[in-house]
Amino acid sequence: MLFSRNSLLQSENEYLYGEMYDLVEKLFPITRSITGNGVRTTLEDIQKRLPSLKVVEVPSGTQAFDWTIPPEWNIREAFIADSSGNRIVDFQDNNLHVIGYSAPVDKEVTLEELKEHLHSIPSQPDAIPFVTSFYERRWGFCVRHNTLTALGPGTYHVYIDADLEPGHLTYGELVFPGETSDEILLSTYVCHPSLANDNLSGPVVTTFLAEWLRGLGNRRYTYRILYIPETIGSIVYLSRNLKKLKKHVVAGFVLTCVGDDRTFSFLPSRRGDTLADRVARCVLNECIDTYDEYAFSERGSDERQYCSPGVDLPVVSIMRSKYGEYPEYHTSDDDLSLVTSAGLGKSYEIHRRCMEILEANRAYRTQQPCEPKLSNRGLYPTLGGKEKTQSIRDLLDVYMYADGAHDLIEIANTLGLSSEKCQSILDILVQEGLIRVAEE
Amino acid sequence: MLFSRNSLLQSENEYLYGEMYDLVEKLFPITRSITGNGVRTTLEDIQKRLPSLKVVEVPSGTQAFDWTIPPEWNIREAFIADSSGNRIVDFQDNNLHVIGYSAPVDKEVTLEELKEHLHSIPSQPDAIPFVTSFYERRWGFCVRHNTLTALGPGTYHVYIDADLEPGHLTYGELVFPGETSDEILLSTYVCHPSLANDNLSGPVVTTFLAEWLRGLGNRRYTYRILYIPETIGSIVYLSRNLKKLKKHVVAGFVLTCVGDDRTFSFLPSRRGDTLADRVARCVLNECIDTYDEYAFSERGSDERQYCSPGVDLPVVSIMRSKYGEYPEYHTSDDDLSLVTSAGLGKSYEIHRRCMEILEANRAYRTQQPCEPKLSNRGLYPTLGGKEKTQSIRDLLDVYMYADGAHDLIEIANTLGLSSEKCQSILDILVQEGLIRVAEE
Amino acid sequence: MLFSRNSLLQSENEYLYGEMYDLVEKLFPITRSITGNGVRTTLEDIQKRLPSLKVVEVPSGTQAFDWTIPPEWNIREAFIADSSGNRIVDFQDNNLHVIGYSAPVDKEVTLEELKEHLHSIPSQPDAIPFVTSFYERRWGFCVRHNTLTALGPGTYHVYIDADLEPGHLTYGELVFPGETSDEILLSTYVCHPSLANDNLSGPVVTTFLAEWLRGLGNRRYTYRILYIPETIGSIVYLSRNLKKLKKHVVAGFVLTCVGDDRTFSFLPSRRGDTLADRVARCVLNECIDTYDEYAFSERGSDERQYCSPGVDLPVVSIMRSKYGEYPEYHTSDDDLSLVTSAGLGKSYEIHRRCMEILEANRAYRTQQPCEPKLSNRGLYPTLGGKEKTQSIRDLLDVYMYADGAHDLIEIANTLGLSSEKCQSILDILVQEGLIRVAEE
């Protein structure tokens with residue numbers, strides 16, 4: 001069960017990582033939004049790997065704290081055609097072409113009127129922006145700036161065949177019970193259309209973590225895994241489960257932007273020193289050379305809700321390129337070429353390692369005063385001389401902090417040893433009857 | 001009521017600052033000491049602006065902790081005349097010429113004997129030093145070193161017409177009640193003769209702050225404003241009011257050396273992290289480019305008493321050029337040319353800003369879990385895109401710290417926002433019913 | 001009773017330091033080990049200076065936590081002779097030549113077999129290493145590497161006349177009672193053969209400290225002084241005295257490697273901020289220019305037991321060249337030429353100063369609010385002017401921290417004054433009735 005760091009550094013899991021990439025690829029074409037059939041299709045695909053994933057539907061109009069679930073949005077077809085009937089912009093080509101939650105439209109418009117409904121990025125003229133309007137009814141298209149500037153005068157046919165009707169908000173929930181009711185929360189979102197790093201990397205890595213967790217023989221913690229629409233989804237979920245989560249969650253992770261192969265990013269919780277923060281920093285420091293740590297004020301996903309006052313869960317986010325910080329963010333350039341199997345794989349390993357450490361993270365107490373007699377146990381070179389081996393020193397160093405106050409993460413920190421090394425020493429000391437898990 | 005920082009940076013209050021300078025100028029010629037008519041005249045002048053200022057007289061010989069109020073000192077005339085009757089040194093020219101609390105004298109002395117009673121500063125030969133002898137009876141003159149070295153041999157007539165008789169120690173006290181009995185203390189001293197930065201700047205800025213406080217519509221705090229002789233005055237005041245002050249004072253300021261136009265100085269309280277320290281550092285960091293922070297061991301005014309063990313009030317001192325640190329200190333060069341209306345004015349603004357923040361400094365609690373739905377309240381752009389405006393981020397950032405634990409100063413600190421910005425956001429959030437003042 | 005820092009810097013105690021060196025020299029030839037007559041002879045020599053030293057014998061086979069006292073070891077003669085009967089290696093020349101706790105042997109061996117029982121240091125070919133095998137029965141010799149490489153083929157006579165029989169572990173204990181049952185612990189070890197810095201310097205400096213403590217008129221603390229074999233000795237002692245020590249010891253010092261004249265070294269306690277740590281750092285900062293501070297993980301002597309979880313005493317170690325860190329460590333080069341009277345003397349002074357400060361280290365409370373009127377007590381220049389003397393500032397600064405919360409060490413730290421200066425000021429303030437020791 002113990003994670004082998006070498007396996008992380010080497011590529012023995014390349015097959016697994018390739019499967020992750022394949023799942024991103026499979027889910028990529030689906031038109032998702034915060035409600036609608038795209039979410040359902042996505043969750044169905046995930047259920048193929050995780051049959052116990054429960055899909056929950058909450059009706060439009062339901063109140064959740066300060067928010068109300070909006071109508072359900074489903075889109076079938078959309079285009080802009082010129083006066084000759086040529087489709088200049090077509091939803092079939094890229095589902096980013098239509099504003100998320102766009103109202104239906106079917107009319108002739110002048111170029112001038114059309115332009116009021118077009119969104120583009122002048123500084124990235126070949127990219128289609130991702131734009132939404134969940135809470136105000138409007139229609140619109142997103143286009144390459146080069147397309148926009150090439151439009152000649154004349155009339156255009158704008159056509160969006162979409163429903164904005166009472167329906168449901170759909171989310172997925174999965175719970176793997178553990179020995180205790182204390183919980184680790186994994187939360188990811190499934191509400192972006194054809195965008196790869198933000199956000200398909202999130203549900204895909206989460207799904208493979210869930211498969212690994214399902215296979216864990218004896219989980220200490222209960223794991224709660226959420227596939228929700230961002231913002232409204234976490235708010236709706238919290239409105240129905242707040243008391244339970246506040247009582248049980250000891251650490252949580254929002255999985256987003258975990259697919260590219262660039263520098264890791266860390267967004268701490270609001271408190272900044274929770275168990276989630278501690279384990280994340282421990283793993284990042286041990287397993288990668290460098291990462292960017294952001295301030296909590298640079299948050300941007302569901303930790304906005306999980307860490308809000310009144311909720312105040314210990315939730316952090318470990319990302320690769322952070323949302324808002326990479327040029328492809330929220331554009332059509334965030335596509336299958338940005339995400340790599342290596343990028344997904346290392347994110348998976350980092351998160352898995354966090355959970356391995358959490359499972360193992362305990363404080364211990366020595367069973368007697370003074371140092372143990374290691375030679376009684378075949379642990380000590382019997383010939384004392386000028387040198388003691390480093391491994392004996394490490395063993396006695398770890399023993400010294402079996403004082404009931406230092407947990408695994410803290411011992412590793414204090415001694416500058418890897419958590420893996422510390423854990424293997426603690427295991428030996430427990431086997432030898434020299435230390436015991438401290439009562440909590 | 002909210003302080004506008006622009007108004008501080010601009011000079012729209014120049015008229016007010018000019019009035020402050022005029023009051024310094026008016027009070028400058030009066031011969032003050034720790035007792036006597038100079039204090040009374042000064043307080044009468046202040047009463048013209050603050051009629052509710054109460055003047056208290058405490059008899060000589062009264063015991064105050066380890067101290068006893070000395071006799072009252074009043075001086076009428078003093079000079080040194082040479083054998084031809086020419087007045088070489090004349091109290092009429094500058095009241096620094098006579099040692100504070102000098103005993104009377106009227107006799108012929110040799111140059112040698114005279115020199116034993118003369119004080120000068122060889123390194124500043126054109127400046128008259130300020131010297132006192134409150135607790136040991138002696139007579140003496142303070143002279144320019146150039147005057148001293150020019151004295152020829154011969155006999156001199158020394159004449160000091162002064163009383164050292166049982167009388168009173170005089171101080172002024174003003175209380176503006178607020179909604180709570182919690183108090184802000186402003187303390188300044190009125191015991192120096194014709195010296196401008198140390199000390200007339202202190203009572204003058206204090207007087208204008210008192211006028212501003214009097215005009216405040218609904219004061220949260222009670223304000224206690226003291227015009228006392230330094231050291232013996234604060235000791236006497238504490239000996240009569242200790243229990244009350246220990247119970248009520250939440251922050252206090254000793255106003256001294258607030259008149260020149262050089263770098264600000266900050267002297268923290270003994271504890272160093274009281275509410276007074278926090279608000280002072282907040283304002284200094286926000287409103288000026290740079291300032292010198294001193295150690296508490298470099299204290300020198302009435303915070304010596306207010307912060308002493310057994311008293312232990314949260315009292316700090318925000319100064320311009322700190323006593324003891326500028327060349328003109330305690331010499332005749334600390335005159336009307338050293339103090340400027342701009343120097344007085346900015347000191348006034350800084351202290352006023354401290355009190356504005358103290359009035360507003362509260363912790364808040366959100367009224368519901370999760371982020372508010374800003375668009376419901378017209379606070380949010382309805383079209384979500386790649387960019388959110390900074391003002392929305394600021395609003396949600398401030399909201400995140402409405403957790404009952406962070407007060408205004410702490411929120412501003414944590415977020416790196418100005419206290420003014422934070423306060424305006426907190427006001428909006430309160431108006432919207434999203435947060436509420438936390439019970440204390 | 002107050003320590004004069006000048007006396008430390010000057011060499012007025014040279015006679016005393018010379019006596020220390022003489023005692024090292026006298027004890028040097030004795031063959032000590034963790035048990036046996038060498039320990040007894042050493043303790044007898046120390047008893048000549050400290051007749052109240054109690055010698056305790058604990059039988060072989062006694063259990064002490066995880067450990068068992070091994071058989072007693074005594075050696076009479078040992079050599080390696082070549083086929084001509086020439087003694088190539090002789091225990092009479094240097095008692096390091098035989099492995100500590102070597103089993104007896106008397107046989108002819110080939111060069112090949114001999115080499116399996118020889119220990120040398122190739123990188124220090126002229127030094128004999130110090131090697132022991134306390135808990136596994138084996139025989140062996142330690143030789144200069146040059147001797148080893150010069151050995152020709154042939155047979156050799158190896159002869160070790162030693163007993164490994166049930167006997168006793170011997171240690172010395174000395175208690176000087178004080179006004180309180182709170183204890184200062186001094187622990188040193190007496191188990192190394194002819195090795196000077198590690199370890200004879202330890203018991204010798206300890207002995208002279210004990211003589212000084214014996215002469216102290218009114219000890220505040222009880223002093224417990226231990227001369228034990230390293231590791232097994234502290235474990236045995238703790239197994240018989242743990243409850244008492246846990247209850248009473250407020251600070252402790254392991255004295256080892258205190259004899260050479262190189263840079264001081266400091267090994268903190270496991271907690272790192274105990275009274276022992278605080279006083280040690282205070283003295284090291286005040287009395288020497290520079291020292292090396294090690295991490296607790298670099299521990300190596302009896303603090304391994306004293307600071308272990310379940311024991312957790314506040315014990316530190318102030319050394320000169322730290323064990324394991326100097327080239328002569330655990331070799332025959334750690335001889336009488338490495339240790340100097342100046343090296344021993346300064347170690348003595350540093351430890352003595354620690355105890356002087358501990359004796360004096362109290363928190364105080366002022367007896368009245370506000371500053372005292374110093375001139376009433378002849379402590380203040382009566383003529384107030386531009387300058388106050390630094391000594392008056394120091395006195396008032398110290399007074400400011402007589403708040404019941406700052407002890408002598410903390411006051412010295414906060415003010416950047418020497419502990420000696422602080423203590424002399426506190427003495428004056430107590431004499432004047434201005435402050436009083438705070439109830440603990």
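Student: By what turn can chain B be laid on chain A?
Tutor: This is a predicted model, in which local features need pLDDT of at least 70, side-chain atom pairs count only at pLDDT 80 or more, and totals for chains, interfaces and linings use all residues. Copies are superposed by least squares on the C-alpha atoms of residues with pLDDT of at least 70 in both. Chain B lies on chain A with an RMSD of 0.1 Å after a shift of 0.1 Å along the axis and a turn of 120°.

Student: What relation is that?
Tutor: In chain B, the C-alpha nearest the axis belongs to B:Asp273, 13 Å from it. The turn is 120°, and therefore the relation is that of a three-fold axis.

Student: How many disulfides does a search of the whole structure find over all chains?
Tutor: A disulfide is a pair of cysteine sulfur atoms within 2.5 Å. For C:Cys282, the nearest cysteine sulfur is that of C:Cys287, 8.0 Å away. For C:Cys307, the nearest is that of A:Cys370, 11 Å away. Over all chains the search finds zero.

Student: Is C:Cys307 buried or exposed?
Tutor: Residues are numbered from 1 along each chain as its sequence is written. Buried means under 20% relative accessible area, exposed over 50%, and partly exposed in between, with a 1.4 Å probe and protein chains only. C:Cys307 has 1% relative accessibility, so C:Cys307 counts as buried.

Student: What share of contacts in chain A between residues at least 6 apart in sequence join residues at least 24 apart?
Tutor: Contact means heavy atoms within 4.5 Å. Buried residues make up 61% of the 440 residues in chain A. Of the contacts in chain A between residues at least 6 apart in sequence, the share joining residues at least 24 apart is 81%.

Terms used:
Chains are lettered from A and ligands numbered from 1 in the order in which they are written. Side-chain values use heavy atoms; hydrogens and water are left out.
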